[in-house]
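Here is a friendly walk through one protein model, written for someone who likes to know which side chains sit where. Have the structure open as you read.

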Amino acid sequence: MNIRIIATILLFSAMSFAQSEANYDETKVPKFTLPDALVTFSGNHISDHVQWEADRRFEIFQFFERQVYGKVPGRLDEYSFKLIEESNDAYGGKARRKQVAISLKKNKKSITYNMLIYLPKGNPTAPVFLGYNFYGNHTVTSDPKVPLTKSWVPNNESFGIKDNKATEASRGVRQHRWAIEKMLDNGFGLATIYYGEVDPDKNDFSDGVHELFYTEDQTKPKTNEWGSIAGWAFGLSKAMDYLENDGNISNVVVFGHSRLGKAALWAGATDKRFAGVISNNSGCGGAALSKRKFGETVGKINTAFPHWFADSFLKYNDNEKTLPVDQHQLLALIAPRPLYVASAFDDRWADPKGEFLSAHYASKVYELYEKEGIATEQIPEVNQPLQHTVAYHIRTGKHDVTDYDWEQYITWAKAFIQ
Ligand code: GCU
C-alpha cells in the first residue's frame, strides 16, 4: 500500500472515530447563555434596524471576520471574465448554457476558475442559484459540452478518481444533487463552480486563492487572515461580479451544502448583493450553534480541517463557552435578505436542532425589518417546512442534497426572491 492510501485511510478512520465519540445526547448538552443578537458587546440594547446596522451588525461582522473565518488580506490587482462557450440548445433546447472563466490576479500571479451557467429560455432574465460543487462542473450534469476540471480533485474510487485527476468516469456522478431540470422548468437558472479551482480542499496553503496574496517569504495566511471557507466565499463574490453584469440574470441566491454551506453563509454575510442564502446541512461553523457542542464541535472541526478557519479560531477549541458570538449571529448578518436553513434527520453530526435554533434566534433581527422569521422554538416535524423570509426544514434521510430539498428551495424562492 502506498503512503497516500495509508494517509487517506488514517484520515477517514480519525474522522469516523470523531463522529462516533461525539455527543448525541440532548441531556448532555452543556448549559450555556447564548449571546443576544440585539445587545452590543458593551451592553447596549438594540431596538430598531437603523441601530442594528449602525451599532451592532458591524461588530458582529468584524468578530466573525477576524476570529472565525479570517480576513481577506487585500485587494486583487485585477480580475477578468471570459465567456469561453455558449449555446442556445442545452437540456433538449430548454436552456441556454454559458461557461465563463474567471481570472484573479495579484502580485503577478493568477488563478482561473470556471463557472457553468444554465438559464431557462423564455424570459429575458431569470433568477439563478449559485453554488459550488465538490468534484467538478462536469459531475453535476451529463452534458458532454462541460469540460472536465483540470484541477486537483480528492480521490474517490466510486467516481473513478485516482491520482487526484478527474476522468470521464466522473461525468454526471453528482447529478442527483442538482435538480437542474426542476430549476429550469420553474424559471430558475443554475450557476456552479468547482470549489477546488478556487482553493483545493487540503491542509496546505501553497496553492489556490490564498497564495496570490503572499509576500515573498510567506507560506500561509497570518493568524487573523482567511482560511479556506473565507477563500471560497471570496470566490463566490467574484463570481457575483460577473453574474450581476451578465444581462440575463435578475437575482442570485447563493447555495451550499455542508462545508460549502458554511462558505455560502459567509458569502451571504460578506456580500449584500446576494439576494438570498441557502444553507443545506451546513452544521458546525455553518448554521449550527457552537455552544451546544452536539455532534461536531469547534475542537473537532479545527482538528480534522485545520485549514478551513482562521488560526485565531483555534483558541475556541473545547472552549466554546468563551465565544462572544454564536452562529445565529452569522445568520443575522444576512438580514433582511431571505435565508433558508435546512437539516436532515439522520445528519446528527451537523446538529439539526442547533441549526433550527440558530435560525430561530436570528429571526429577532429579521423582525426589526418587519420580516417574518422562525417564531417557534419547537423544531418542526420532518418534511414539514416552515417558509417565511427565514425558512427551515428538516427532511428524512441523511447528509445530502435531494430533490425534496430543491423542491422546497424553489417554492420558497418563488415566494420570497423578487
Ligand atoms: C465533514 C465535516 C463537516 C462538513 C462535512 C462536509 O463531515 O466534519 O463539518 O460539513 O464534512 O462538507 O461534507
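## Around the ligand

In this predicted model, a polar side-chain atom of His399 sits 3.3 Å from an oxygen atom of the ligand. Two other residues also have polar side-chain atoms beside ligand oxygen: for Trp349 the distance to an oxygen atom of the ligand is 2.9 Å, and for Lys262 an N or O atom of the side chain is 2.9 Å from an oxygen atom of the ligand. How much of the ligand does the protein cover? On its own the ligand has 320 Å² of accessible area, and the protein covers 87% of that.

If you would like to select the surroundings in your viewer, pick Gln19, Ser258, Arg259, Lys262, Glu296, Ile301, Phe305, Trp308, Trp349 and His399. Sorted by class, this shell holds four nonpolar, three polar and three charged residues.

## The second largest pocket

Next, a look at an open space in the protein. The second largest pocket has a volume of about 460 Å³. It is lined by 17 residues, and those closest to its centre are Val72, Gly74, Arg75, Phe234 and Lys238.

Which helices each supply at least two residues of this lining? They are helix 2 (49-69), helix 5 (228-243) and helix 6 (259-270). Helix 5 gives the largest share, with five residues. As for chemistry, the lining of the second largest pocket is made up of eight nonpolar, five charged and four polar residues.

## Thr192 and its partners

Thr192 belongs to strand 5, which runs over residues 189-194. Is Thr192 buried or exposed? Its relative accessible area is 0%, so Thr192 counts as buried, the cut-off being under 20%.

The side chain of Thr192 has polar company. One of its polar atoms lies 2.8 Å from the backbone oxygen of Gly131. The side chains of Thr192 and Asn133 are joined by a polar contact of 2.9 Å.

## His328

A last stop is His328, which is part of helix 8 (residues 327-332). With a relative accessible area of 1%, His328 is buried as well, because that value falls under the 20% cut-off.

How far apart are His328 and His138 in sequence and in space? The two histidines are separated by 190 residues in sequence, and their C-alpha atoms are 35 Å apart.

Conventions. Residues numbered from 1 in each chain as written. Predicted model: local features only at pLDDT ≥ 70, side-chain atom pairs only at ≥ 80, totals over all residues. Heavy atoms only, no water. 1 Å grid on protein atoms, 1.4 Å probe; cavity = no way out; pocket = protein on both sides within 12 Å on 5 of 7 lines; lining within 4 Å. Points joined across faces, edges and corners; volume = space filled by probe spheres on them. Helix = DSSP H or I, 4+ residues; strand = E, 2+ residues; numbered from the N terminus. Nonpolar A, V, L, I, M, F, W, Y, C, P; charged D, E, K, R; others polar. Near = heavy atom within 4 Å. Polar contact = N/O pair within 3.5 Å; in protein donor to acceptor, adjacent residues only side chain to side chain. Areas by Shrake-Rupley, 256 points an atom, 1.4 Å probe, with all protein chains shown as cover. Buried < 20%, exposed > 50% of the residue type's maximum accessible area, 1.4 Å probe, protein only.
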